[in-house]
Amino acid sequence: MPNPLPENLSTLKRMVADTPTRPPLGDVAHIGHAQLFTPTPAATVAFFTDFLGLTVSGQDGESTYLRTWDDYEHHSVVVTERATPGIGRTALRCSSPEALERRIEAVEASGVHGEWTNDEPGIGPLWVTQDPDGHEFALYHETEYWEAPSDELRPGLKNQPQAKPGHGVAVRRLDHINYLARDVETTTGYVIDALGARPTEQIRLDDGHIGARWSTFTQKSYDLVYTEDWTGSTGRLHHLAFATDTREDILRAADLALDTGVFIETGPHKHAIQQTFFLYVYEPGGNRIELCNPLTRLILAPDWPLITWTEAERAKGQAWGLKTISSFHTHGTPRFDEPPGL
Ligand code: FE
C-alpha cells in the first residue's frame, strides 16, 4: 500500500474562480480502467455482461476483468469481491514513459507517495498511489492492445477492437468516475496540479466553498468528478459512468432495466451541468452506475472559462426541471453506516 498521506495538504488548495483555464497537460492521456468492489461478485458480473453488454476478458482470484467493446486495452472494469461495495483502483494511462515520470515527480512533489506494482493482465508496470481523499490511483504507460480471441468477438472493421455485442445496452466505453470527497477543493487541486487535468465546471455553495468540480484529461468535457461527501467520510464512490452512442440507447436501457429487474434510481433526463443525458441504476452489489450520453460535446477552447454554478441554480434541478432525487445526495458506496472494506 502507498505511504500514509501527509497531514497538511493545504498547498494543494487553489482558488479556481471563473477564470480562463489551461488545456489539460496531456501527460495523462485518458482513464484506463476502474476497479469496483462488490459483496455479490457473480450478480455484479452478470449485470455487466447481460445488462451493460461487457465481455469478460480475464479472471484472477477474486477479480473478474471486463471490457467494453470499443476499449483497445485488456479491460475497462475490474470487479473484485469485498464485504462492502465501493471503488478500488482507478488506473490512468500516461501518454509516454516520460509523461509517466513527470507525473510521478509532480505527485511526489505534492507530498503524496506511491509504489510500483505489476499485478494486472495486459497492463505493464503501474505506479500505485492515491488522491488526497484516499481513493487509490495508478499511473501507467505500457499496455497491450487487445485482440479478439474468437470469431464471435472479431469485428468487421480493422479500426474497431471488438464486435458490437448483440445484447444488452452495449455501452461503448467507461466514460467518467464521480467520487465523493471530504474536501473537494483540495482533492481536485491535486487532480489539476499534480495530474494535469483541466477543471471545466464546478458548484460553489453560498458560503463560498466548492461543493463539486468536474475535470478532464482530454477534450471530453469531464473525466473525473468530485462531489462533497455529506457524511464527512473519505474514499467513497458516487458513481461509475459508461457512455452510449446515442440518447435513444439511454431510453432503451431504461426499458431493459424494467424488463430485467435492474433498479432505476432516476432518469432518463438531461443534466444541467455538462448537459449529459443520463440514467442512474444500481448494480446488484449496491454501486451506482450511470449510463450517459454527452452527444458530441467537446471542450475545444484553449482558454475555456471555468463554469461556476450557484446553490440557487442547483436548486432548480436538472435541465428540463426534474428535481434531483434525495438519494442522489445521500447514497454512496461503501454506505456510511457500513464498516470499511476488507
Ligand atoms: Fe456522471
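This section describes the nonpolar core, the cis peptide bonds and two residues with positive phi in a predicted model.

The largest nonpolar core comprises 71 residues. Within this core, the residues with the most contacts are Phe48, Leu52, Val77, Tyr140, Val169 and Leu291. Phenylalanine 48 is in contact with Leu54, Leu66, Val77 and Val79 when its neighbours within four places in sequence are set aside. Val77 thus appears both among the core residues with the most contacts and among the contacts of phenylalanine 48. In soluble globular proteins, nonpolar side chains tend to be buried together.

Two peptide bonds preceding proline were assigned as cis. The bond from glycine 267 to proline 268 is cis, with omega near 5 degrees, and proline 268 is located in strand 14, which spans residues 263-270. The bond from threonine 333 to proline 334 is also cis, with omega near -5 degrees. Proline 334 is found in the segment after helix 6 (327-330).

Positive phi values occur at two glutamines. Glutamine 274, although not a glycine, has a positive phi of about 65 degrees; this residue lies in the loop between strand 14 and strand 15 (277-282). Glutamine 275, likewise not a glycine, has a positive phi of about 60 degrees and lies in the loop between strand 14 and strand 15. The burial classes of the two residues follow from their C-beta counts. Glutamine 274 has 20 other C-beta atoms within 10 Å and is therefore buried, the cut-off being 20 or more. Glutamine 275 has 13 such atoms within 10 Å and is therefore partly exposed.

Methods
Residues are numbered from 1 along each chain as its sequence is written. This is a predicted model: local features need pLDDT of at least 70, side-chain atom pairs count only at pLDDT 80 or more; totals for chains, interfaces and linings use all residues. A nonpolar core is a set of buried Ala, Val, Leu, Ile, Met, Phe, Trp, Tyr and Cys residues joined through C-beta atoms within 7 Å. A residue is buried if 20 or more other C-beta atoms lie within 10 Å of its own, exposed if 12 or fewer, and partly exposed in between; C-beta atoms are placed from the backbone. Two residues are in contact if their C-beta atoms, placed from the backbone, lie within 7 Å. Helices (H or I, at least four residues) and strands (E, at least two) are DSSP runs, numbered from the N terminus.
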